[in-house]
Amino acid sequence: MEKKIFIKTFGCQMNEYDSNRIYDSVKKIGFKKTDDQTNTDCFVLNTCHIRDKAKEKVYHEIGRIKKIYRKKNKPIMVLAGCVAQAENQEMLKREPYIDIVIGPQSYHKINETLKQFISSVKKEETDFDTISKFEYFDKIENKSNKISAFLTIQEGCDKFCNFCVVPFTRGPEYSRPFNKILYEAESLIKNGAKEIILLGQNVNAYSYFENSKEYRISNLINELEKYSELKRIRYTTSHPRDMTDDLIDCYKNNKKLMPFIHLPIQSGSNKILKLMNRKHTVEEYINIYEKLKKINSEIEFSSDFIISYPGETNNDFNDTLNLVKKIKFINSYSFIFSPRPGTKAAELKLIDNETSKERLNEIQKYLFIHQIKKNRSFEGKFVEVLTENRTKDKLKLFGRNKFNNSVIFLGDENNIGKLVKVKIENTNQNSLFGKIQKNKSMKAA
Ligand code: SAM
Ligand code: SF4
(Lines give C-alpha, C1' and ligand atoms only; values in the text may rest on other atoms or scores of the structure.)
(Ligands and ions follow the chains in the order given, each with its own letter.)
Protein backbone atom coordinates (compact mmCIF):
# COMPACT_ATOMS: atom_id res chain seq x y z
CA MET A 1 0.00 0.00 0.00
CA GLU A 2 1.26 3.49 -0.83
CA LYS A 3 2.43 5.56 2.15
CA LYS A 4 3.14 9.29 2.31
CA ILE A 5 6.52 10.66 3.36
CA PHE A 6 7.40 14.24 4.32
CA ILE A 7 11.09 15.18 4.46
CA LYS A 8 12.12 18.37 6.23
CA THR A 9 15.69 19.43 5.49
CA PHE A 10 17.93 21.64 7.62
CA GLY A 11 21.43 22.93 6.89
CA CYS A 12 23.61 22.68 3.84
CA GLN A 13 23.13 21.70 0.19
CA MET A 14 24.56 18.27 0.95
CA ASN A 15 21.58 17.62 3.19
CA GLU A 16 19.28 18.75 0.40
CA TYR A 17 20.96 16.33 -1.99
CA ASP A 18 20.69 13.54 0.63
CA SER A 19 16.97 14.22 1.16
CA ASN A 20 16.35 13.85 -2.57
CA ARG A 21 18.31 10.59 -2.64
CA ILE A 22 16.45 9.26 0.42
CA TYR A 23 13.29 9.92 -1.50
CA ASP A 24 14.62 8.17 -4.64
CA SER A 25 15.26 5.16 -2.38
CA VAL A 26 12.04 4.95 -0.33
CA LYS A 27 9.95 5.31 -3.49
CA LYS A 28 11.01 1.75 -4.22
CA ILE A 29 9.18 0.47 -1.14
CA GLY A 30 5.97 2.38 -1.80
CA PHE A 31 6.51 5.79 -0.20
CA LYS A 32 5.31 8.87 -2.06
CA LYS A 33 6.50 12.39 -1.30
CA THR A 34 3.97 14.81 0.17
CA ASP A 35 4.20 18.55 0.78
CA ASP A 36 1.59 18.36 3.52
CA GLN A 37 3.34 17.89 6.84
CA THR A 38 0.04 17.69 8.68
CA ASN A 39 -0.98 14.49 6.94
CA THR A 40 1.84 12.05 6.39
CA ASP A 41 2.65 8.45 7.34
CA CYS A 42 6.35 9.08 7.73
CA PHE A 43 8.15 12.25 8.86
CA VAL A 44 11.88 12.58 8.20
CA LEU A 45 13.88 15.32 9.91
CA ASN A 46 17.17 15.67 8.03
CA THR A 47 19.17 17.63 10.60
CA CYS A 48 22.29 19.81 10.79
CA HIS A 49 24.75 19.82 13.68
CA ILE A 50 27.16 22.52 12.58
CA ARG A 51 26.21 25.21 15.12
CA ASP A 52 24.66 25.65 18.53
CA LYS A 53 21.54 24.12 20.01
CA ALA A 54 21.17 21.56 17.22
CA LYS A 55 19.71 18.98 19.59
CA GLU A 56 17.30 21.47 21.19
CA LYS A 57 16.07 22.51 17.74
CA VAL A 58 15.27 18.87 17.00
CA TYR A 59 13.36 18.38 20.27
CA HIS A 60 11.48 21.60 19.57
CA GLU A 61 10.62 20.43 16.06
CA ILE A 62 9.40 17.07 17.38
CA GLY A 63 7.26 18.89 19.96
CA ARG A 64 5.64 20.79 17.09
CA ILE A 65 5.01 17.59 15.12
CA LYS A 66 3.55 15.88 18.20
CA LYS A 67 1.00 18.70 18.50
CA ILE A 68 -0.02 18.31 14.84
CA TYR A 69 -0.59 14.57 15.33
CA ARG A 70 -2.15 14.70 18.81
CA LYS A 71 -5.49 13.49 17.53
CA LYS A 72 -4.26 11.51 14.54
CA ASN A 73 -2.17 8.42 13.91
CA LYS A 74 1.44 9.15 14.77
CA PRO A 75 3.73 9.20 11.69
CA ILE A 76 6.86 7.05 11.65
CA MET A 77 9.38 9.56 13.02
CA VAL A 78 12.80 9.32 11.37
CA LEU A 79 15.72 11.38 12.65
CA ALA A 80 18.33 11.65 9.90
CA GLY A 81 21.38 13.84 9.24
CA CYS A 82 24.30 14.97 11.36
CA VAL A 83 22.42 15.36 14.67
CA ALA A 84 21.31 11.75 14.28
CA GLN A 85 24.92 10.74 13.70
CA ALA A 86 26.28 12.68 16.67
CA GLU A 87 23.59 12.00 19.26
CA ASN A 88 22.09 8.67 18.13
CA GLN A 89 21.36 6.51 21.21
CA GLU A 90 20.83 9.42 23.58
CA MET A 91 18.06 10.92 21.45
CA LEU A 92 16.29 7.59 21.01
CA LYS A 93 16.21 7.23 24.79
CA ARG A 94 15.22 10.80 25.61
CA GLU A 95 12.53 11.16 22.97
CA PRO A 96 10.42 8.04 22.53
CA TYR A 97 8.50 9.77 19.74
CA ILE A 98 11.55 9.09 17.51
CA ASP A 99 11.28 5.67 15.88
CA ILE A 100 14.38 5.53 13.69
CA VAL A 101 17.74 7.26 13.95
CA ILE A 102 19.83 7.12 10.79
CA GLY A 103 23.14 8.91 10.18
CA PRO A 104 24.29 10.25 6.78
CA GLN A 105 26.59 7.28 6.16
CA SER A 106 23.76 4.77 6.58
CA TYR A 107 21.17 6.07 4.12
CA HIS A 108 21.61 2.99 1.97
CA LYS A 109 19.93 1.10 4.81
CA ILE A 110 16.85 3.33 4.95
CA ASN A 111 14.53 0.97 3.05
CA GLU A 112 15.54 -2.02 5.17
CA THR A 113 15.24 0.02 8.37
CA LEU A 114 11.78 1.30 7.48
CA LYS A 115 10.61 -2.17 6.53
CA GLN A 116 11.91 -3.58 9.83
CA PHE A 117 10.25 -0.78 11.76
CA ILE A 118 6.94 -1.36 10.03
CA SER A 119 7.27 -4.93 11.28
CA SER A 120 8.04 -3.32 14.67
CA VAL A 121 11.66 -2.99 15.76
CA LYS A 122 13.06 0.37 16.89
CA LYS A 123 16.23 1.07 14.94
CA GLU A 124 19.44 3.02 15.09
CA GLU A 125 21.78 3.07 12.06
CA THR A 126 24.79 5.29 12.45
CA ASP A 127 27.71 3.23 11.08
CA PHE A 128 30.30 4.92 8.87
CA ASP A 129 29.76 2.95 5.72
CA THR A 130 30.20 5.52 2.98
CA ILE A 131 31.27 3.13 0.23
CA SER A 132 28.27 0.84 0.56
CA LYS A 133 26.07 3.91 0.76
CA PHE A 134 27.25 5.24 -2.59
CA GLU A 135 27.35 1.74 -4.11
CA TYR A 136 23.70 1.40 -3.14
CA PHE A 137 22.70 4.82 -4.49
CA ASP A 138 24.73 4.33 -7.70
CA LYS A 139 22.14 1.73 -8.64
CA ILE A 140 19.21 4.07 -8.06
CA GLU A 141 18.65 6.74 -10.67
CA ASN A 142 18.82 10.31 -9.39
CA LYS A 143 15.34 11.51 -10.29
CA SER A 144 15.90 15.16 -9.50
CA ASN A 145 14.19 17.10 -12.24
CA LYS A 146 15.54 20.44 -11.14
CA ILE A 147 17.05 22.86 -13.65
CA SER A 148 19.85 23.45 -11.14
CA ALA A 149 20.76 20.08 -9.65
CA PHE A 150 23.07 19.08 -6.82
CA LEU A 151 25.54 16.24 -7.27
CA THR A 152 27.60 15.01 -4.31
CA ILE A 153 31.08 13.94 -5.44
CA GLN A 154 32.91 13.83 -2.13
CA GLU A 155 31.97 13.43 1.47
CA GLY A 156 33.57 13.78 4.88
CA CYS A 157 36.69 15.54 6.00
CA ASP A 158 40.16 14.68 7.28
CA LYS A 159 41.21 18.24 8.07
CA PHE A 160 39.93 18.47 11.64
CA CYS A 161 39.62 22.21 12.12
CA ASN A 162 39.43 22.57 15.88
CA PHE A 163 35.93 24.09 15.84
CA CYS A 164 34.18 21.70 13.45
CA VAL A 165 32.00 18.59 13.92
CA VAL A 166 32.02 17.50 10.28
CA PRO A 167 34.89 14.96 10.61
CA PHE A 168 32.84 13.34 13.42
CA THR A 169 29.41 13.45 11.83
CA ARG A 170 30.32 12.79 8.18
CA GLY A 171 33.41 10.66 8.77
CA PRO A 172 36.67 10.54 6.80
CA GLU A 173 37.13 12.02 3.34
CA TYR A 174 35.72 9.80 0.60
CA SER A 175 35.63 10.53 -3.14
CA ARG A 176 33.11 8.76 -5.34
CA PRO A 177 34.29 6.92 -8.47
CA PHE A 178 34.75 9.28 -11.42
CA ASN A 179 32.60 7.30 -13.87
CA LYS A 180 29.73 6.95 -11.37
CA ILE A 181 29.62 10.70 -10.95
CA LEU A 182 29.49 11.22 -14.71
CA TYR A 183 26.79 8.60 -14.98
CA GLU A 184 24.71 10.43 -12.38
CA ALA A 185 25.40 13.74 -14.15
CA GLU A 186 24.09 12.23 -17.38
CA SER A 187 20.92 11.14 -15.70
CA LEU A 188 20.43 14.62 -14.16
CA ILE A 189 20.94 16.18 -17.60
CA LYS A 190 18.51 13.67 -19.13
CA ASN A 191 15.96 14.76 -16.51
CA GLY A 192 16.37 18.42 -17.48
CA ALA A 193 19.29 19.79 -15.44
CA LYS A 194 20.98 22.75 -17.12
CA GLU A 195 23.23 23.52 -14.18
CA ILE A 196 25.12 21.06 -12.00
CA ILE A 197 26.47 22.06 -8.60
CA LEU A 198 29.16 19.62 -7.48
CA LEU A 199 28.97 19.14 -3.73
CA GLY A 200 31.30 18.05 -0.96
CA GLN A 201 32.33 19.13 2.52
CA ASN A 202 35.68 19.80 0.85
CA VAL A 203 34.60 19.48 -2.73
CA ASN A 204 37.96 20.46 -4.22
CA ALA A 205 39.73 17.77 -2.19
CA TYR A 206 38.08 15.32 -4.61
CA SER A 207 40.66 12.69 -5.52
CA TYR A 208 39.85 9.35 -7.10
CA PHE A 209 42.47 6.87 -8.31
CA GLU A 210 41.92 4.35 -11.07
CA ASN A 211 44.70 2.44 -12.84
CA SER A 212 47.22 4.65 -11.01
CA LYS A 213 45.72 7.78 -12.54
CA GLU A 214 44.36 10.45 -10.23
CA TYR A 215 41.09 12.15 -11.13
CA ARG A 216 40.50 15.56 -9.53
CA ILE A 217 37.62 17.99 -9.56
CA SER A 218 39.31 19.73 -12.53
CA ASN A 219 38.90 16.50 -14.56
CA LEU A 220 35.23 16.35 -13.62
CA ILE A 221 34.69 19.96 -14.64
CA ASN A 222 36.42 19.36 -17.97
CA GLU A 223 34.24 16.31 -18.65
CA LEU A 224 31.01 18.07 -17.68
CA GLU A 225 31.93 20.95 -19.98
CA LYS A 226 31.47 18.54 -22.93
CA TYR A 227 27.73 17.95 -22.36
CA SER A 228 26.10 20.38 -24.78
CA GLU A 229 22.75 20.46 -22.91
CA LEU A 230 24.51 21.52 -19.71
CA LYS A 231 24.91 25.29 -19.49
CA ARG A 232 26.52 25.95 -16.13
CA ILE A 233 28.87 24.28 -13.63
CA ARG A 234 29.42 25.30 -10.01
CA TYR A 235 30.98 23.61 -6.99
CA THR A 236 30.83 24.10 -3.23
CA THR A 237 32.29 24.12 -0.55
CA SER A 238 35.92 24.41 -1.38
CA HIS A 239 38.88 24.66 0.96
CA PRO A 240 41.76 27.09 0.29
CA ARG A 241 44.33 24.31 0.70
CA ASP A 242 42.83 22.32 -2.14
CA MET A 243 42.62 25.23 -4.56
CA THR A 244 45.30 23.63 -6.75
CA ASP A 245 46.60 25.02 -10.04
CA ASP A 246 44.73 22.46 -12.17
CA LEU A 247 41.46 23.79 -10.70
CA ILE A 248 42.54 27.42 -11.02
CA ASP A 249 43.45 26.71 -14.67
CA CYS A 250 39.88 25.56 -15.36
CA TYR A 251 38.92 29.25 -15.16
CA LYS A 252 41.10 29.94 -18.22
CA ASN A 253 39.21 27.81 -20.72
CA ASN A 254 35.99 26.49 -19.25
CA LYS A 255 33.10 28.54 -20.53
CA LYS A 256 30.52 26.85 -18.31
CA LEU A 257 32.33 27.23 -15.01
CA MET A 258 30.69 30.20 -13.28
CA PRO A 259 32.93 33.09 -12.16
CA PHE A 260 31.86 32.89 -8.53
CA ILE A 261 33.72 30.97 -5.83
CA HIS A 262 32.64 30.25 -2.28
CA LEU A 263 35.97 29.89 -0.51
CA PRO A 264 35.76 30.05 3.29
CA ILE A 265 38.68 31.68 5.10
CA GLN A 266 37.15 31.91 8.64
CA SER A 267 39.52 34.64 9.90
CA GLY A 268 41.86 37.31 8.57
CA SER A 269 44.40 36.66 11.35
CA ASN A 270 47.13 34.07 10.88
CA LYS A 271 47.30 33.60 14.65
CA ILE A 272 43.62 32.62 14.76
CA LEU A 273 43.88 30.43 11.64
CA LYS A 274 46.66 28.54 13.41
CA LEU A 275 44.62 28.21 16.61
CA MET A 276 41.76 26.90 14.47
CA ASN A 277 44.08 24.37 12.78
CA ARG A 278 43.00 25.68 9.38
CA LYS A 279 46.19 24.65 7.57
CA HIS A 280 46.33 27.78 5.41
CA THR A 281 47.42 31.38 5.92
CA VAL A 282 45.86 34.69 4.94
CA GLU A 283 48.69 35.24 2.42
CA GLU A 284 48.00 31.89 0.75
CA TYR A 285 44.34 32.83 0.48
CA ILE A 286 45.15 36.22 -1.06
CA ASN A 287 47.50 34.50 -3.48
CA ILE A 288 44.65 32.28 -4.73
CA TYR A 289 42.43 35.33 -5.04
CA GLU A 290 45.04 37.19 -7.06
CA LYS A 291 45.77 34.25 -9.35
CA LEU A 292 42.08 33.90 -10.16
CA LYS A 293 41.52 37.61 -10.64
CA LYS A 294 44.47 37.66 -13.05
CA ILE A 295 42.84 34.91 -15.11
CA ASN A 296 39.46 36.64 -15.11
CA SER A 297 38.95 39.93 -13.28
CA GLU A 298 35.19 39.30 -13.31
CA ILE A 299 35.49 36.40 -10.80
CA GLU A 300 33.82 37.17 -7.47
CA PHE A 301 34.31 35.56 -4.07
CA SER A 302 32.23 34.73 -1.05
CA SER A 303 33.42 33.32 2.24
CA ASP A 304 32.57 32.05 5.73
CA PHE A 305 33.79 33.83 8.86
CA ILE A 306 33.85 32.63 12.45
CA ILE A 307 33.78 35.60 14.80
CA SER A 308 35.14 35.53 18.37
CA TYR A 309 37.01 32.27 18.09
CA PRO A 310 38.63 31.76 21.53
CA GLY A 311 41.77 33.91 21.69
CA GLU A 312 40.58 36.47 19.09
CA THR A 313 41.79 39.93 20.21
CA ASN A 314 40.63 43.27 18.83
CA ASN A 315 43.75 43.24 16.64
CA ASP A 316 42.89 39.80 15.22
CA PHE A 317 39.36 40.95 14.55
CA ASN A 318 40.66 44.09 12.82
CA ASP A 319 42.78 41.86 10.58
CA THR A 320 39.56 40.12 9.51
CA LEU A 321 37.89 43.48 8.89
CA ASN A 322 40.86 44.59 6.80
CA LEU A 323 40.64 41.43 4.72
CA VAL A 324 36.93 42.07 4.12
CA LYS A 325 37.77 45.59 2.98
CA LYS A 326 40.51 44.29 0.65
CA ILE A 327 38.64 41.36 -0.92
CA LYS A 328 35.21 42.68 -1.62
CA PHE A 329 33.29 39.46 -0.99
CA ILE A 330 29.91 39.75 -2.64
CA ASN A 331 28.01 37.38 -0.37
CA SER A 332 29.31 35.76 2.80
CA TYR A 333 28.25 33.94 5.92
CA SER A 334 29.45 35.06 9.34
CA PHE A 335 28.78 33.29 12.61
CA ILE A 336 29.81 33.72 16.23
CA PHE A 337 31.92 30.75 17.30
CA SER A 338 29.73 28.00 18.68
CA PRO A 339 31.43 25.32 20.81
CA ARG A 340 30.62 21.88 19.47
CA PRO A 341 30.80 18.87 21.77
CA GLY A 342 33.66 16.51 20.93
CA THR A 343 35.76 19.10 19.07
CA LYS A 344 39.10 20.42 20.34
CA ALA A 345 37.76 23.96 20.70
CA ALA A 346 34.77 22.84 22.78
CA GLU A 347 36.42 23.52 26.14
CA LEU A 348 38.19 26.79 25.27
CA LYS A 349 37.36 30.02 27.08
CA LEU A 350 34.62 31.88 25.24
CA ILE A 351 34.72 35.58 24.38
CA ASP A 352 31.86 37.42 26.11
CA ASN A 353 28.57 37.77 24.31
CA GLU A 354 28.55 41.53 24.10
CA THR A 355 31.96 41.74 22.39
CA SER A 356 31.03 38.88 20.05
CA LYS A 357 27.79 40.55 18.99
CA GLU A 358 29.54 43.89 18.44
CA ARG A 359 32.15 42.19 16.26
CA LEU A 360 29.52 40.27 14.31
CA ASN A 361 27.56 43.49 13.66
CA GLU A 362 30.71 45.27 12.58
CA ILE A 363 31.82 42.62 10.10
CA GLN A 364 28.31 42.18 8.72
CA LYS A 365 28.10 45.93 8.18
CA TYR A 366 31.06 45.75 5.76
CA LEU A 367 29.99 42.46 4.17
CA PHE A 368 26.51 43.82 3.51
CA ILE A 369 27.85 47.13 2.12
CA HIS A 370 29.77 45.18 -0.55
CA GLN A 371 26.84 42.90 -1.21
CA ILE A 372 24.39 45.79 -1.71
CA LYS A 373 26.92 47.73 -3.81
CA LYS A 374 27.53 44.76 -6.09
CA ASN A 375 23.79 44.20 -6.51
CA ARG A 376 23.22 47.90 -7.29
CA SER A 377 25.92 47.74 -9.95
CA PHE A 378 23.52 45.59 -12.00
CA GLU A 379 20.71 48.18 -12.01
CA GLY A 380 19.91 49.33 -15.53
CA LYS A 381 22.03 46.52 -17.02
CA PHE A 382 21.25 43.21 -18.71
CA VAL A 383 22.22 40.06 -16.86
CA GLU A 384 22.24 36.52 -18.14
CA VAL A 385 19.93 34.37 -16.04
CA LEU A 386 19.30 30.64 -16.00
CA THR A 387 15.54 30.44 -15.45
CA GLU A 388 14.81 27.80 -12.80
CA ASN A 389 11.17 28.07 -11.95
CA ARG A 390 8.14 30.21 -11.34
CA THR A 391 8.09 32.15 -8.06
CA LYS A 392 5.92 30.69 -5.28
CA ASP A 393 3.04 33.05 -6.09
CA LYS A 394 3.39 31.93 -9.76
CA LEU A 395 3.38 35.55 -10.91
CA LYS A 396 7.03 35.83 -11.90
CA LEU A 397 10.04 33.77 -12.82
CA PHE A 398 13.02 32.91 -10.68
CA GLY A 399 16.59 32.23 -11.73
CA ARG A 400 20.20 33.04 -10.97
CA ASN A 401 22.87 35.13 -12.63
CA LYS A 402 26.49 34.04 -13.03
CA PHE A 403 27.33 35.17 -9.50
CA ASN A 404 24.55 33.06 -8.00
CA ASN A 405 22.38 36.08 -7.14
CA SER A 406 18.71 35.26 -7.22
CA VAL A 407 16.88 37.16 -9.95
CA ILE A 408 13.11 37.62 -9.97
CA PHE A 409 11.64 38.81 -13.21
CA LEU A 410 8.60 39.09 -15.43
CA GLY A 411 8.56 36.71 -18.36
CA ASP A 412 7.00 33.75 -20.07
CA GLU A 413 7.23 30.37 -18.34
CA ASN A 414 8.45 28.83 -21.63
CA ASN A 415 11.78 30.28 -20.57
CA ILE A 416 12.15 27.81 -17.69
CA GLY A 417 15.38 25.90 -18.33
CA LYS A 418 16.70 28.57 -20.68
CA LEU A 419 19.37 31.21 -20.42
CA VAL A 420 17.71 34.59 -20.85
CA LYS A 421 18.73 38.23 -20.70
CA VAL A 422 17.01 40.15 -17.94
CA LYS A 423 17.06 43.92 -17.61
CA ILE A 424 17.59 44.70 -13.92
CA GLU A 425 15.33 47.48 -12.68
CA ASN A 426 15.98 47.41 -8.96
CA THR A 427 17.78 45.37 -6.31
CA ASN A 428 17.94 44.74 -2.58
CA GLN A 429 20.55 43.01 -0.44
CA ASN A 430 19.56 39.52 -1.55
CA SER A 431 17.95 39.74 -4.97
CA LEU A 432 17.79 41.46 -8.31
CA PHE A 433 14.45 42.34 -9.94
CA GLY A 434 13.73 42.97 -13.58
CA LYS A 435 12.12 42.12 -16.89
CA ILE A 436 13.07 39.64 -19.55
CA GLN A 437 14.79 41.13 -22.60
CA LYS A 438 13.73 39.72 -25.93
CA ASN A 439 16.62 41.09 -27.98
CA LYS A 440 19.12 38.30 -27.31
CA SER A 441 22.03 40.02 -28.98
CA MET A 442 22.45 42.35 -25.99
CA LYS A 443 25.72 41.86 -24.08
CA ALA A 444 24.92 40.69 -20.55
CA ALA A 445 26.81 41.20 -17.27
N1 SAM B 1 34.71 22.65 4.61
C2 SAM B 1 34.46 24.03 4.53
C3 SAM B 1 35.73 24.78 4.86
O4 SAM B 1 36.53 24.26 5.60
O5 SAM B 1 35.90 25.89 4.44
C6 SAM B 1 33.38 24.50 5.48
C7 SAM B 1 32.26 23.60 5.77
S8 SAM B 1 31.43 23.91 7.30
C9 SAM B 1 30.32 22.64 7.12
C10 SAM B 1 30.49 25.37 6.96
C11 SAM B 1 30.82 26.57 7.81
O12 SAM B 1 30.26 26.46 9.10
C13 SAM B 1 32.30 26.79 8.08
O14 SAM B 1 32.95 27.40 7.01
C15 SAM B 1 32.31 27.65 9.32
O16 SAM B 1 32.36 29.02 9.02
C17 SAM B 1 30.96 27.31 9.99
N18 SAM B 1 31.20 26.59 11.24
C19 SAM B 1 31.61 25.32 11.40
N20 SAM B 1 31.76 25.02 12.70
C21 SAM B 1 31.42 26.13 13.40
C22 SAM B 1 31.39 26.45 14.78
N23 SAM B 1 31.73 25.58 15.70
N24 SAM B 1 31.00 27.70 15.13
C25 SAM B 1 30.64 28.61 14.19
N26 SAM B 1 30.65 28.36 12.86
C27 SAM B 1 31.05 27.15 12.46
FE1 SF4 C 1 35.02 21.37 9.00
FE2 SF4 C 1 35.73 22.36 6.63
FE3 SF4 C 1 37.50 22.25 8.62
FE4 SF4 C 1 36.68 19.99 7.46
S5 SF4 C 1 37.86 21.68 6.53
S6 SF4 C 1 36.94 20.33 9.63
S7 SF4 C 1 34.54 20.50 7.02
S8 SF4 C 1 35.59 23.48 8.53
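1. In this predicted model, lysine 133 lies over the face of phenylalanine 134, at 4.9 Å from the ring centre. The side chain of lysine 133 also takes part in a salt bridge with glutamate 155, whose closest N and O atoms are 2.8 Å apart. Lysine 133 belongs to helix α5 (residues 130-138) and glutamate 155 to strand β8, so this salt bridge ties together parts that are 22 residues apart in sequence.

2. Both partners of that bridge are enclosed. Lysine 133 has a relative accessibility of 2% and therefore counts as buried. Glutamate 155, at 1% relative accessibility, counts as buried too. The pair is also part of a wider arrangement: salt bridges that share partners join Asp18, Lys133, Glu155 and Arg170 into one network.

3. A further charge-over-ring contact involves lysine 213, whose charged end sits over the ring of tyrosine 215, 4.8 Å from its centre.

4. The structure holds 31 salt bridges. One of them is formed by the side chains of lysine 374 and glutamate 300, with an N to O distance of 2.8 Å. Lysine 374 lies in helix α13 and glutamate 300 in strand β15 (residues 300-302), so the contact ties together parts that are 74 residues apart in sequence. Lysine 374 and glutamate 300 are both buried.

5. Glutamate 413 and arginine 390 form another salt bridge, in which the closest N and O atoms are 2.9 Å apart. Glutamate 413 is placed in the loop between β20 (406-410) and β21 (419-427), and arginine 390 in strand β18 (residues 382-390), so the pair ties together parts that are 23 residues apart in sequence. Here the partners are partly exposed: glutamate 413 has a relative accessibility of 41%, and arginine 390 has a relative accessible area of 35%.

6. Turning to the aromatic residues, a search of the whole structure finds 12 aromatic pairs. Among them is the edge-to-face pair of phenylalanine 163 and tyrosine 309, with 6.4 Å centre to centre and 80° between the planes. Phenylalanine 163 lies in the loop between β8 (154-155) and α6 (166-169), while tyrosine 309 lies in the loop between β16 (304-307) and α12 (314-326), so the pair ties together parts that are 146 residues apart in sequence. Phenylalanine 163 and tyrosine 309 are both buried.

7. Tyrosine 309 also pairs with phenylalanine 337: the ring centres are 5.2 Å apart and the planes stand at 75°, so this pair is edge-to-face. Phenylalanine 337 is located in the loop between β17 (333-336) and α13 (353-376), and tyrosine 309 in the loop between β16 and α12, so the contact ties together parts that are 28 residues apart in sequence. Phenylalanine 337 is buried, as is tyrosine 309.

8. Elsewhere, one aromatic cluster is formed by Tyr285, Tyr289, Phe301, Phe305 and Phe329.

9. The structure holds 0 disulfides. For cysteine 48, the closest cysteine sulfur is that of cysteine 12, at 6.3 Å, which is too far for a bond. Cysteine 48 is partly exposed, with a relative accessible area of 26%. Cysteine 164, by contrast, counts as buried at 15% relative accessibility.

10. Strand β10 (residues 195-199) has 5 of its 5 residues buried, so the strand is largely enclosed by the rest of the structure. Both of its faces are covered, with Glu195, Ile197 and Leu199 buried on one side and Ile196 and Leu198 buried on the other. In a regular strand, side chains alternate between the two faces of the sheet.

11. Which strands pair with β10 in the parallel sense? Strand β7 (residues 148-152) does so over 5 bridges, with serine 148 opposite glutamate 195. Strand β13 (residues 232-236) also runs parallel to β10 and is joined to it by 5 bridges. In β13, threonine 236 is the bridge partner of leucine 199.

12. A closed barrel of 5 strands runs β18-β19-β20-β22-β21, with mixed pairing. Neighbouring strands of this sheet are turned by 50° against each other on average, direction ignored. Within the barrel, β18 and strand β19 (residues 397-400) pair in the antiparallel sense over 4 bridges. Leucine 386 has arginine 400, in β19, as its bridge partner. Arginine 390, discussed above for its salt bridge with glutamate 413, lies in β18.

Terms used
Residues numbered from 1 in each chain as written. Chains lettered and ligands numbered in written order. Predicted model: local features only at pLDDT ≥ 70, side-chain atom pairs only at ≥ 80, totals over all residues. Heavy atoms only, no water. Phe/Tyr/Trp six-rings, centres within 6.5 Å; stacked < 30°, edge-to-face > 60°. Helix = DSSP H or I, 4+ residues; strand = E, 2+ residues; numbered from the N terminus. Buried < 20%, exposed > 50% of the residue type's maximum accessible area, 1.4 Å probe, protein only. Lys NZ or Arg CZ within 6 Å of the ring centre and 35° of its normal. Salt bridge = Lys/Arg side-chain N within 4 Å of Asp/Glu carboxyl O. Disulfide = S-S within 2.5 Å. Pairing = 2+ DSSP bridges. Axes fitted to C-alpha atoms, helices over the stretch in contact; angles between N-to-C directions.
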